[in-house]
There are 2 protein chains.
Amino acid sequence: MTIVTSRLSVSVDGFAAGPNQSVEDPFGEGGMALSNWMLETDQPGRAADAAVLQEANDGVGSHIMGRKMFGGGDGPWDETWTGWWGEEPPYHAPVFVLTRHPRDPLPMKGGTTFNFVTDGIESALDQARKAAGDKKVAIAGGAGTVNQYLAAGLLDEFCLHVVPITLGVGERVFEGVGALTLEPVRVVASPTVTHLKYRIVR
Amino acid sequence: MTIVTSRLSVSVDGFAAGPNQSVEDPFGEGGMALSNWMLETDQPGRAADAAVLQEANDGVGSHIMGRKMFGGGDGPWDETWTGWWGEEPPYHAPVFVLTRHPRDPLPMKGGTTFNFVTDGIESALDQARKAAGDKKVAIAGGAGTVNQYLAAGLLDEFCLHVVPITLGVGERVFEGVGALTLEPVRVVASPTVTHLKYRIVR
């Protein structure tokens with residue numbers, strides 16, 4: 001059965017992005033500090049982080065993301081806008097973008113195709129499962145999208161990359177999700193980030 | 001120099017107590033599940049949890065707690081009320097209780113004396129430091145008290161015992177604390193709880 005997985009980099013106080021996110025500042029104020037570890041895995045002493053990232057990326061057959069993560073603002077976007085992931089996005093697989101604005105699929109270099117889904121998170125998951133075959137479906141983000149899948153009971157496993165800062169304000173993981181029971185699968189500690197992987201108990 | 005330390009059991013979504021805390025239900029709804037691991041350290045497979053707890057308790061010379069943790073409600077309490085820790089509380093050291101209601105020190109069996117401090121968190125810490133000598137001062141809780149010390153920059157180290165549940169509502173650790181930089185000191189993972197110890201960078 002296809003596993004539905006997700007992972008988010010979060011502060012110790014549970015924020016996945018800082019406040020005042022925008023097209024110019026997608027991580028919000030101070031939020032870039034949550035992602036830096038992923039850009040530094042080739043540095044000395046970061047082998048454990050690199051292995052966690054490699055494991056998370058291996059075997060993913062399709063991705064789901066919110067419109068903001070694709071690169072959209074709040075209004076309908078220009079059909080010429082191809083998101084902020086560049087000409088060759090790092091997904092190399094079908095990506096299903098949750099949006100209210102219909103649009104034709106957008107094939108990019110390197111095997112990524114953005115598909116725009118207007119009929120909700122369950123439809124997006126059905127389409128992503130079919131595209132993934134026996135590989136994993138990854139809920140890429142942002143936190144609002146991950147929280148919707150958590151609240152709907154549609155996630156099988158979830159990894160938190162806990163970065164040793166607090167932000168105090170921003171977009172919270174688990175906001176509106178309610179009570180869940182998890183099962184610790186694995187903890188990897190590095191000097192820069194602590195990786196907590198959980199199975200979600202149904 | 002005296003180290004000021006604290007630790008809290010928290011849910012994965014950052015709650016240290018459930019909603020609707022009261023004298024009858026001090027952990028709030030669902031909150032008792034955060035403390036169960038501490039009552040089970042003599043069970044098979046819990047040696048790592050037992051060691052973390054032992055280390056946390058070793059070398060503590062005095063404690064600070066909020067009035068609710070002592071066992072007080074919101075009004076002035078009856079002078080005959082000795083808190084809900086029983087005749088022999090588990091502290092075996094001076095405890096400084098933050099309150100607005102003056103009261104004489106209350107010696108209990110086993111070396112615990114409750115001292116009532118009415119002039120704020122810094123005064124309580126000064127008194128606790130003197131009482132601790134070269135041992136540690138432990139900010140015992142609850143979360144509101146710990147958050148006050150975090151916000152004031154008075155904590156040196158902090159351990160989160162992350163229990164694999166989410167609560168969705170309740171009393172949050174780090175509420176109102178703002179932005180901090182931490183340094184991971186040590187991670188201990190057990191099947192029941194993940195212990196994240198941080199040094200707080202000034």
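# A tour from the rotation axis outwards

Of the residues of chain B, the one that comes closest to the rotation axis is Gly14(B), whose C-alpha lies at 3.4 Å from that axis, and selecting Gly14(B) is a convenient way to begin a tour of this predicted model. To see the axis at work, superpose chain B on chain A: the operation is a rotation of 180° with 0.0 Å of shift along its axis, and the RMSD is 0.0 Å. That is the relation of a two-fold axis. The same surface serves both copies, since 100% of the contact residues of chain B recur in chain A.

**The cavity**

Keep Gly14(B) selected and add Val12(A), Gly14(A), Ser11(B) and Val12(B); these five lie nearest the centre of the largest cavity, which has 22 lining residues. The elements that give two or more residues to that lining are strand 1 (4–11) and strand 8 (157–163) of chain A, together with strand 1 (4–11) and strand 8 (157–163) of chain B. How many cavities of 30 Å³ or more does a search of the whole structure find? The search finds 1, and the volume of the largest cavity is about 260 Å³. If you colour the lining by class, you should find 14 nonpolar, 4 polar and 4 charged residues.

**Thr166(A), in contact with both chains**

Select next Thr166(A), which belongs to strand 9 (residues 165–166) of chain A. Is Thr166(A) buried or exposed? With a relative accessibility of 2%, Thr166(A) is buried, because the limit for that class is under 20%. Show everything that Thr166(A) touches, leaving out residues up to four places away in sequence: on its own chain these are Ser11(A), Val12(A) and Asp13(A), and on chain B they are Phe174(B), Gly178(B), Ala179(B), Leu180(B) and Leu182(B). Val12(A), in this list, was also among the residues nearest the centre of the cavity. Two distances to backbone atoms of chain B are worth displaying here. The side chain of Thr166(A) has a polar atom 2.8 Å from the backbone oxygen of Gly178(B), and a polar atom of that side chain also lies 2.7 Å from the backbone nitrogen of Leu180(B).

**Thr194(A), a second threonine**

Move on to Thr194(A), which lies in strand 12 (residues 194–201) of chain A and is buried, with a relative accessible area of 1%. Again without residues up to four places away in sequence, Thr194(A) touches Leu160(A), His161(A), Val162(A), Val187(A) and Val188(A) from chain A, along with Val187(B), Leu196(B) and Tyr198(B) from chain B.

**Tyr91(A) and His92(A)**

Go now to the loop between helix 3 (67–70) and strand 4 (94–98) of chain A, where Tyr91(A) is found. Tyr91(A) is buried, its relative accessible area being 12%. Which residues are in contact with Tyr91(A), once its neighbours within four places in sequence are left aside? They are His63(A), Met65(A), Met69(A), Trp85(A) and Thr112(A). For a sense of the path of the chain, draw a line between the C-alpha atoms of Tyr91(A) and Trp81(A), which are 10 residues apart along the chain and separated by 18 Å. In that loop between helix 3 and strand 4 of chain A, select His92(A), which is partly exposed, with a relative accessible area of 45%. The phi of His92(A) is near 50°, a positive value in a residue other than glycine.

**Asn20(A)**

Asn20(A), in the loop between strand 2 (15–17) and helix 1 (36–39) of chain A, likewise has a positive phi without being glycine, the angle being near 60°. Asn20(A) counts as exposed, at 55% relative accessibility.

**The cis peptides and helix 5**

Finally, inspect the peptide bond from Gly141(A) to Gly142(A), which is cis, with omega near -5°; Gly142(A) sits in the loop between strand 7 (136–141) and helix 5 (143–151) of chain A. In chain B, a cis peptide bond joins Gly141(B) and Gly142(B), with omega about -5°, and Gly142(B) is in the loop between strand 7 (136–141) and helix 5 of that chain. Follow chain B into helix 5 (residues 143–151), where Ala143(B), Thr145(B), Val146(B), Asn147(B), Tyr149(B) and Leu150(B) are buried. The tour ends at Gly153(B), which follows helix 5 of chain B and has a positive phi, near 70°.

Key:
Residues numbered from 1 in each chain as written. Chains lettered and ligands numbered in written order. Predicted model: local features only at pLDDT ≥ 70, side-chain atom pairs only at ≥ 80, totals over all residues. Heavy atoms only, no water. 1 Å grid on protein atoms, 1.4 Å probe; cavity = no way out; pocket = protein on both sides within 12 Å on 5 of 7 lines; lining within 4 Å. Points joined across faces, edges and corners; volume = space filled by probe spheres on them. Helix = DSSP H or I, 4+ residues; strand = E, 2+ residues; numbered from the N terminus. Nonpolar A, V, L, I, M, F, W, Y, C, P; charged D, E, K, R; others polar. Buried < 20%, exposed > 50% of the residue type's maximum accessible area, 1.4 Å probe, protein only. Polar contact = N/O pair within 3.5 Å; in protein donor to acceptor, adjacent residues only side chain to side chain. Contact = heavy atoms within 4.5 Å. Least-squares fit on C-alpha atoms with pLDDT ≥ 70 in both.
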